[in-house]
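Student: I would like a close look at one part of this model, taken slowly and with the contacts spelled out. Could you begin with a single residue and then turn to the ligand?

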Amino acid sequence: MNTSDHPFSISAAPRYAGMASSPLKDIFALAARPGVVSFAGGIPDPELFDLETVRECFEWVLKNQGTRALQYGVSEGETELREQAARRLCRDLPTDTSHIQVTSGSQEGLFVIAQALLSPGDTVLVESPTYLAAVQAFTVHGARIVGVQTDEDGMVPDALAEAIAEHSPRFVYLIPTFQNPTGRTMPAERRRAVAAVLQSTGTLLVEDDPYGELSFSGERFTPIAALPGMGTRTLLLNSMSKLMSPGVRIGWIRAEGSIRSTLAVAKAAISMQSSVVDQLAVARYLATADLEAHVERVGSVYQERRDALHSALRPLLPEDADLTCPAGGMFLWAAPGNGLDAQAMLSDAVEAGVAYLPGWSFYAEDPDLSSMRLSFVTHSPAVIEDAVGRLAPVLDRHLAG
Ligand SMILES: Cc1ncc(COP(=O)(O)O)c(C=O)c1O
């Protein structure tokens with residue numbers, strides 16, 4: 001028999017076993033159906049992009065730095081961008097260009113960190129629930145993910161101490177400000193308590209902060225990395241995705257010490273360097289545009305939308321239901337409890353023209369099956385109110401059943 005008659009199928013590496021398709025892909029396909037108002041993705045409203053200024057920055061770069069912008073660059077990142085990143089970080093903790101590793105968004109930053117730090121069998125402690133794609137980046141590098149108890153202030157320090165004693169983790173992964181998926185923020189006192197546990201146990205922190213500047217009140221939350229003694233034991237990730245544009249794919253890691261050269265080697269192995277044109281345009285944007293004013297404008301629109309979603313949902317949920325009202329970021333978290341199955345409800349919700357992300361996918365273990373993540377940033381208050389109105393009878397039916 002001629003083997004070439006058989007269709008050939010390339011098998012995936014074991015680390016990708018079970019990841020050939022993701023249930024989330026199906027959910028996003030459902031959410032993208034015409035006529036469906038989707039709260040599923042954290043997609044910035046394109047109407048709010050600072051398009052004209054960004055265009056000017058790209059034009060300036062191509063006119064003044066054109067040949068350099070089109071050439072290969074260094075793996076650590078372009079100096080101008082690293083200077084701008086360091087300048088922003090200096091508001092909270094002393095940082096210079098040597099501390100900055102540029103990445104193609106925080107997602108690549110998480111992958112670079114996983115490459116540089118993780119060995120198969122290592123444990124990573126995460127908030128329960130946490131950002132799904134970080135879990136994926138750690139899992140494909142062989143890590144075992146353990147969820148640690150959280151409350152309305154974030155990870156519980158005693159539970160963290162216990163989990164560290166039990167699992168000796170390689171690192172702890174936290175999103176302390178306007179967390180994805182819950183929108184919750186860790187208050188200053190909790191940050192200090194968590195830092196104390198990390199220091200007394202000699203544990204590393206990976207602090208992911210893509211939303212921190214998207215604060216509706218203007219209040220800024222100092223990263224845990226800036227607490228005394230934490231700078232050396234924290235890898236801090238920032239991103240331009242939520243502030244300027246997710247399309248440019250620019251972010252950075254702040255790190256101290258010898259791990260920096262390993263991060264640069266890992267970055268080079270993955271992608272040589274981030275797009276030089278994009279790096280220079282973002283650097284130009286950070287040097288010349290009024291990012292604070294832009295973020296304030298975007299934040300006030302998002303706040304109105306958060307209010308619309310929160311006040312439309314609140315009366316539909318049981319009194320004891322958990323519903324967050326985040327002071328920034330993009331997501332609101334609803335956990336109605338009462339036996340509701342958010343995944344089972346989704347097809348009826350989509351039938352009614354509304355989509356959300358069932359919350360189970362954000363848990364490493366023991367998911368709250370009633371939970372769901374809703375992004376409030378994409379639609380106007382009128383669209384939000386209309387969509388939640390259509391969700392009301394579906395929720396009613398599923399809460400009763
Ligand atoms: C917590 C968190 N980290 C990282 C990312 C990745 O963002 P990007 O790669 O666009 O910077 C996201 C995106 O939604 C996120 O929510």
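Tutor: In this predicted model, R190 has a relative accessible area of 14%, and because that value is under the 20% cut-off, R190 counts as buried. The place of R190 is in helix α8, which runs over residues 188–201. Its side chain makes a polar contact with the side chain of D151, at 2.9 Å. Once the neighbours within four places in sequence are left aside, the residues in contact with R190 are D151, D153, G154, M155, V156 and P157, so that D151 appears both in this list and as the partner in the polar contact.

Turning to the ligand, 14 residues surround it, and the closest are D208, Y211, S239, S241 and R249. Two of these place polar side-chain atoms by ligand oxygen atoms: for Y211 the distance is 2.5 Å, while an N or O atom in the side chain of S241 is 2.6 Å from an oxygen atom of the ligand. With S106, by contrast, a backbone N or O atom is involved, lying 2.7 Å from a ligand oxygen atom. The protein covers 91% of the 390 Å² of accessible area that the ligand has on its own. Helix α5, residues 105–117, supplies the largest share of the surrounding shell, with three residues. Sorted by class, the shell consists of five nonpolar, six polar and three charged residues.

Conventions:
Residues are numbered from 1 along each chain as its sequence is written. This is a predicted model: local features need pLDDT of at least 70, side-chain atom pairs count only at pLDDT 80 or more; totals for chains, interfaces and linings use all residues. Side-chain values use heavy atoms; hydrogens and water are left out. A residue is near a molecule or strand if one of its heavy atoms lies within 4 Å of it. A polar contact is a pair of N or O atoms within 3.5 Å; within protein, one must be able to donate a hydrogen and the other to accept it, and residues adjacent in sequence count only if both atoms are side-chain atoms. Accessible areas come from the Shrake-Rupley method with a 1.4 Å probe; for residues, only the protein chains shown count as cover. Helices (H or I, at least four residues) and strands (E, at least two) are DSSP runs, numbered from the N terminus. Ala, Val, Leu, Ile, Met, Phe, Trp, Tyr, Cys and Pro count as nonpolar, Asp, Glu, Lys and Arg as charged, and the others, Gly among them, as polar. Buried means under 20% relative accessible area, exposed over 50%, partly exposed in between (1.4 Å probe, protein chains only). Contact means heavy atoms within 4.5 Å.
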